[in-house]
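Grab your viewer and a cup of coffee, and work through a few exercises with us. Try each task yourself before you read its solution.

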Amino acid sequence: MDVLNVDKLRDQNKIIEFKLEFNEHGQLFFVNKEKKISVYIKKCFPWSNKDSFFSIRNQSDEEVLLIEDINALDEHSRDAIISSLLASGFCFIINDIITIKEDYELRVWEVETNQGMRQFQTELMAWPRELSSGGLLIQDLAGDIYYIPKVSELKPSGKKLLWAFID
Amino acid sequence: MEVLKSKTSLVNKYYEQPDRLPKDLKELIFKSWEKQNILLYSFADLDSHFQLAEQWIVVGQLQIVFATRRNSKWEIKILNISEISATKELSGLSYRKLLFENQKAEVIFSVNYTLRQATTMSSVKFVLEQMVDQKKYELDFENDDADSLYLKQLVKPIEKAQASISGGQYDVVWRLLALLRPYKYSVLLGMSGAVLMTLVSLVPAFLTGKIIDEVIKPFQAGQLTKDIAIKLTYITLMGLITVYILREFFAWIRLQKMAILGEYVARDLRDRVYNHLQKLSLSFFNSKQTGSIISRVGADTDRIWDFIAFGVVEVTTSIIMLMGLSVVLVALDWRLGLLVSLPVPFILFIIYWHGQSMQKLFLKAWRKWSDLTDCLSDTIPGIKVVKSFNKEKEEVQRFRLRNQSVVKEFNGIHKAWTRFWPFLMLTIQAIVIGVWTFGMPRVLDHIEYFNKTGNIESGLSPGVFISFVLYLGMFVQPIEIIGQMSRMINRATSSAHRVFEILDTEPQILNLKGALPLEDFKGEVEFKNVNFSYDGVRKTLKSVSFKINSGEMVGLVGPSGSGKTTITNLIARFYDAQSGEILIDGKKITSIDLNSYRSQMGIVLQDPYLFHGTILDNIKYAHPEATLKEIISAAKAANAHDFICNLPQAYDTVVGERGHTLSGGERQRISIARAILRNPKILILDEATSSVDTETEKKIQQALDRLVKGRTTIAIAHRLSTLAQANKILVLKNGELKEQGTSIDLMKLENGVYKNLVNMQRELHANKV
Ligand SMILES: Nc1ncnc2c1ncn2[C@@H]1O[C@H](COP(=O)(O)OP(=O)(O)O)[C@@H](O)[C@H]1O
Ligand SMILES: [Mg+2]
């Protein structure tokens with residue numbers, strides 16, 4: 001399938017006849033005159049540049065559409081994308097850190113997330129990843145991502161616990 | 001059972017979720033289900049708005065139950081599996097979504113979950129896919145009920161990271177100490193030595209005090225004649241000499257007994273671990289990195305030696321020393337004694353607390369250090385890229401920055417401990433000052449009273465005071481040792497943990513009781529509906545049946561990942577199949593004695609492994625009693641003799657790691673010579689010629705042709721042309737046996753898998769030329 005570049009098409013004043021739809025099961029669809037296919041959205045730069053460049057991909061993992069700026073889309077499609085992004089971008093947000101302990105070969109984190117208390121484990125050598133935005137990403141053994149949007153806004157006690165893990 | 005218990009406790013310890021399907025839900029499900037049982041289930045922890053929720057998805061033979069707990073009531077939804085025509089999985093940043101679609105490709109149901117549930121959910125998806133595809137699914141893994149399957153899958157990420165053994169930290173310490181049991185007399189002796197040495201160490205300070213009070217002071221007061229004073233001095237000196245000799249004698253007993261004993265314990269452990277390793281099945285080695293296994297046998301047992309030889313004794317003697325000192329001091333003078341003894345626990349706590357607070361510093365320094373080494377392990381292997389992009393300067397700069405921040409952290413550590421120890425010493429010296437402050441006036445009282453009355457019953461005598469001051473100096477070392485005890489125990493137990501994990505792993509391939517050795521072995525192999533799975537869920541072989549007659553050569557063909565190597569693994573009994581039967585000469589493979597069976601087996605792998613040693617050793621490995629003549633003729637048959645003779649040291653050339661480097665084809669021919677010498681009835685060739693050039697392949701092929709004669713041969717080959725003389729070809733795809741027959745038969749099949757493969761290779765070949 002040809003990849004459509006929305007912005008380029010718009011520059012060339014070509015009419016783009018497609019729509020994106022989002023349903024209650026959290027599915028995103030790409031609809032044009034001929035067909036309706038199930039797609040999903042991937043941020044190209046989820047941490048470094050989260051508001052631009054979205055790849056819309058089909059179930060065989062091929063790109064259907066590359067969107068640099070969602071404002072180039074019609075309102076309906078834009079809403080669909082925003083809903084889909086909200087859904088696909090889910091991860092736990094850490095509000096406070098209660099304890100960080102070491103167990104055999106594991107580091108055990110007890111944190112307060114936006115959904116209440118939660119415990120997760122990382123390998124001892126798996127260091128959190130610092131983002132240039134001042135955020136911090138921690139990925140646990142199972143692969144779940146825990147995100148601290150701004151380390152500087154944590155409570156002092158939490159910052160103290162994180163001391164060894166940030167600069 | 002033990003194993004499941006430990007998995008249950010892992011779930012309870014680390015995951016905030018039930019360790020099994022809730023009982024009330026189970027009852028509820030069984031009320032509506034007839035003639036169905038629970039095949040498997042999974043927890044799903046996110047609702048449609050990505051809020052945490054308690055949801056369960058339970059799979060039976062005909063239906064799926066989806067249950068959500070709302071206000072302690074179960075909300076239940078039932079789906080007929082027959083309505084589902086496809087299952088899909090979407091993945092987001094940190095969650096997955098499982099979708100079920102009907103015939104019209106409409107979503108009839110979806111559920112979200114975090115990656116923590118991904119292992120159990122993917123089993124659910126996998127099983128459902130099978131049921132949807134085949135309209136039925138029989139779980140062949142009957143020894144795994146749904147509960148244990150759930151547990152096993154759920155704790156996988158933790159078990160992978162953590163050495164899993166049964167029991168907690170204290171159990172480990174007890175197990176470590178239990179290693180001493182065979183040497184209990186030596187332990188007793190060594191420990192007695194240590195205890196006596198400690199007690200004897202208390203004597204010199206006491207004698208010093210005595211000399212002052214009983215010799216110097218009376219002599220000064222004119223109560224003793226010089227002769228008697230000298231005589232008393234000599235007696236005391238004799239006492240001191242005896243004490244010193246005794247002390248060093250006990251020290252010698254302690255050091256010698258414990259050091260030697262520690263070596264024995266470490267040796268026993270290494271032997272046991274290595275012995276056990278050899279018994280373990282391949283599945284264990286697949287789940288661990290080689291480096292980690294090696295360090296368990298080496299570095300970890302060494303640390304255990306250190307703990308047993310010195311740690312245990314040092315801690316015990318330090319405790320005895322502290323208690324002995326306190327008792328002696330209180331007995332000498334209870335007021336000063338308490339002044340000295342009471343702060344000790346406090347000081348110990350400060351040392352412990354300091355150690356804990358240093359851990360944070362060490363952690364950060366460690367992180368920075370691994371940043372630095374990452375830099376190295378990135379750029380050294382990638383040096384070509386660095387140079388071609390002309391980035392040397394940037395890399396040097398990057399390294400320098402990281403190097404600087406490492407030093408910053410290390411210096412932080414140095415600042416912290418250099419600040420702490422003088423502070424601690426000052427605390428201890430404050431006690432000394434306290435002793436002087438409270439002690440001296442009483443000593444003066446004593447002397448004043450003594451001078452007036454000649455009586456010694458008042459105040460504190462100078463000798464006792466001197467003993468006191470001397471004893472004070474002896475407090476420092478045991479305090480330090482006990483302060484570091486927790487770190488030492490932690491190190492030793494985590495080493496022990498890793499070692500015990502190996503010992504606790506049960507070998508999966510066992511020689512059954514009553515297994516019989518082979519007699520008059522013909523080499524027939526038959527698979528009857530064999531199902532096999534490496535992980536208990538994903539089937540790698542699906543109902544595979546075939547028969548290989550004695551002396552036949554069979555080719556295994558199929559795309560990579562189709563299960564070819566797996567079939568050979570089952571034939572060699574590196575793994576046992578979960579269901580179906582594997583018959584060797586018509587007998588169940590599990591009823592045959594493993595050693596006698598494997599001695600009839602020869603395996604030539606794609607990347608042959610040569611041990612460190614001479615070529616002769618490597619060939620002889622298969623058959624140590626072989627004569628030199630037999631070895632040479634095996635090498636000749638393997639087309640190896642000529643290149644071996646061209647080496648300066650011929651058969652005595654050292655190969656393997658650190659030895660002479662041979663090319664892949666040369667190593668392959670040595671491994672073929674090894675297989676020929678073994679003279680096996682069943683021969684397995686797994687892509688034996690895949691990694692060599694055409695010229696070498698020809699030579700190897702010749703060698704193989706000689707080797708296969710008169711043996712049952714299972715050959716896997718990348719280039720199909722090499723299987724031309726096979727009696728039969730088995731074609732595998734996705735773990736299923738799609739076609740079997742001679743090459744000519746298979747080429748006749750319209751749209752056959754084999755035919756397609758052959759045509760594809762021809763095209764490829766044609767394009768190349
Ligand atoms: N030790 C293992 N543990 C888990 N899965 C394995 C293991 N070895 C092979 N597999 C999987 O089993 C399937 C068949 O592998 P294999 O028999 O090696 O294929 P082939 O030899 O045909 O290339 C593959 O999907 C592979 O990923
Ligand atoms: Mg293979």
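The exercises below go from chain B as a whole to its ligand site, one helix, some salt bridges and two single residues. Keep in mind that this is a predicted model.

**Exercise 1. Get a feel for chain B**

Task: Work out how many helices and strands chain B has, and what share of its residues is buried.

Solution:
- Start with the secondary structure: chain B has 27 helices and 19 strands.
- Next, look at burial. Chain B runs to 769 residues, and 47% of them count as buried.
- Now take the contacts in chain B with a separation of 6 or more: 70% of these come from residues 24 or more positions apart.
- Finish with the outside. The accessible surface of chain B is about 40,200 Å², and carbon and sulfur atoms make up 57% of it.

**Exercise 2. Walk around ligand 1**

Task: Find which helix gives the most residues to the shell around ligand 1, then look for oxygen atoms of ligand 1 lying a short hop from protein N or O atoms.

Solution:
- List the shell. Among its members are Asn286(B), Tyr534(B), Thr540(B), Pro559(B) and Tyr575(B), along with Ser560(B), Gly561(B), Ser562(B), Gly563(B), Lys564(B), Thr565(B) and Thr566(B).
- Sort the shell by type: three residues are nonpolar, eight polar and one charged.
- Assign the shell to elements. Helix H19 of chain B, residues 564-571, gives the most, with three residues.
- Check the backbone. A backbone N or O atom of Gly561(B) sits 2.7 Å from a ligand 1 oxygen, and for Ser562(B) the corresponding backbone distance is 3.2 Å.
- Then check the side chains: an N or O atom in the side chain of Thr566(B) is 2.4 Å from an oxygen atom of ligand 1.
- Close with the area. Ligand 1 on its own exposes 560 Å², and the protein buries 59% of that.

**Exercise 3. Cover a helix**

Task: Decide whether helix H17 of chain B is mostly covered or mostly open, and find what does the covering.

Solution:
- Count first: H17 spans residues 476-483 of chain B, and six of its eight residues are buried, so to speak the bulk of the helix.
- Name the buried ones: Val476(B), Pro478(B), Ile479(B), Ile481(B), Ile482(B) and Gly483(B).
- Look at what lies over them. The cover includes helices H11 (290-332), H13 (343-379), H15 (392-453), H16 (462-473) and H18 (485-504) of chain B.

**Exercise 4. Salt bridges, between chains and within one**

Task: Pick out where the partners Asp167(A) and Lys368(B) lie, and do the same for Arg69(B) and Glu54(B).

Solution:
- For scale, the structure holds 29 salt bridges over all chains.
- Take Asp167(A) and Lys368(B): their side chains meet in a salt bridge, 2.0 Å from N to O. Asp167(A) is in the segment after helix H3 (156-162) of chain A, while Lys368(B) is in helix H13 of chain B, so this pair joins two chains.
- Compare the burial of the two ends. Asp167(A) is exposed at 64% relative accessible area, whereas Lys368(B) is buried at 4%.
- Move on to Arg69(B) and Glu54(B), whose closest N and O atoms are 2.7 Å apart in a salt bridge. This pair links distant parts of the chain: Arg69(B) is in strand S3 (residues 63-70) and Glu54(B) in strand S2 (residues 52-59), 15 residues apart.
- Here Arg69(B) is partly exposed at 31%, and Glu54(B) is buried at 18%, given that buried means under 20%.
- Last stop: Asp140(A), Glu16(B) and Arg116(B) are linked in a network of salt bridges.

**Exercise 5. Two residues up close**

Task: Find which residues Val11(B) contacts beyond its sequence neighbours, and which side chain makes a polar contact with that of Asp147(B).

Solution:
- Place Val11(B): it belongs to helix H1 (residues 2-14) of chain B, and it is buried at 0% relative accessible area.
- Leave aside neighbours within four places in sequence, and Val11(B) contacts Gln17(B), Pro18(B), Asp19(B), Leu151(B), Leu154(B) and Val155(B).
- Place Asp147(B): it lies in helix H4 (residues 146-154) of chain B and counts as buried at 18%.
- Follow its side chain. The side chain of Asp147(B) makes a polar contact of 2.5 Å with the side chain of Tyr41(B).
- With neighbours within four places again set aside, Asp147(B) is in contact with Arg20(B), Leu21(B), Lys26(B) and Tyr41(B).

Technical notes:
Residues are numbered from 1 along each chain as its sequence is written. Chains are lettered from A and ligands numbered from 1 in the order in which they are written. This is a predicted model: local features need pLDDT of at least 70, side-chain atom pairs count only at pLDDT 80 or more; totals for chains, interfaces and linings use all residues. Side-chain values use heavy atoms; hydrogens and water are left out. A residue is near a molecule or strand if one of its heavy atoms lies within 4 Å of it. A polar contact is a pair of N or O atoms within 3.5 Å; within protein, one must be able to donate a hydrogen and the other to accept it, and residues adjacent in sequence count only if both atoms are side-chain atoms. Accessible areas come from the Shrake-Rupley method with a 1.4 Å probe; for residues, only the protein chains shown count as cover. Helices (H or I, at least four residues) and strands (E, at least two) are DSSP runs, numbered from the N terminus. Ala, Val, Leu, Ile, Met, Phe, Trp, Tyr, Cys and Pro count as nonpolar, Asp, Glu, Lys and Arg as charged, and the others, Gly among them, as polar. Buried means under 20% relative accessible area, exposed over 50%, partly exposed in between (1.4 Å probe, protein chains only). Contact means heavy atoms within 4.5 Å. A salt bridge is a side-chain nitrogen of Lys or Arg within 4 Å of a carboxyl oxygen of Asp or Glu.
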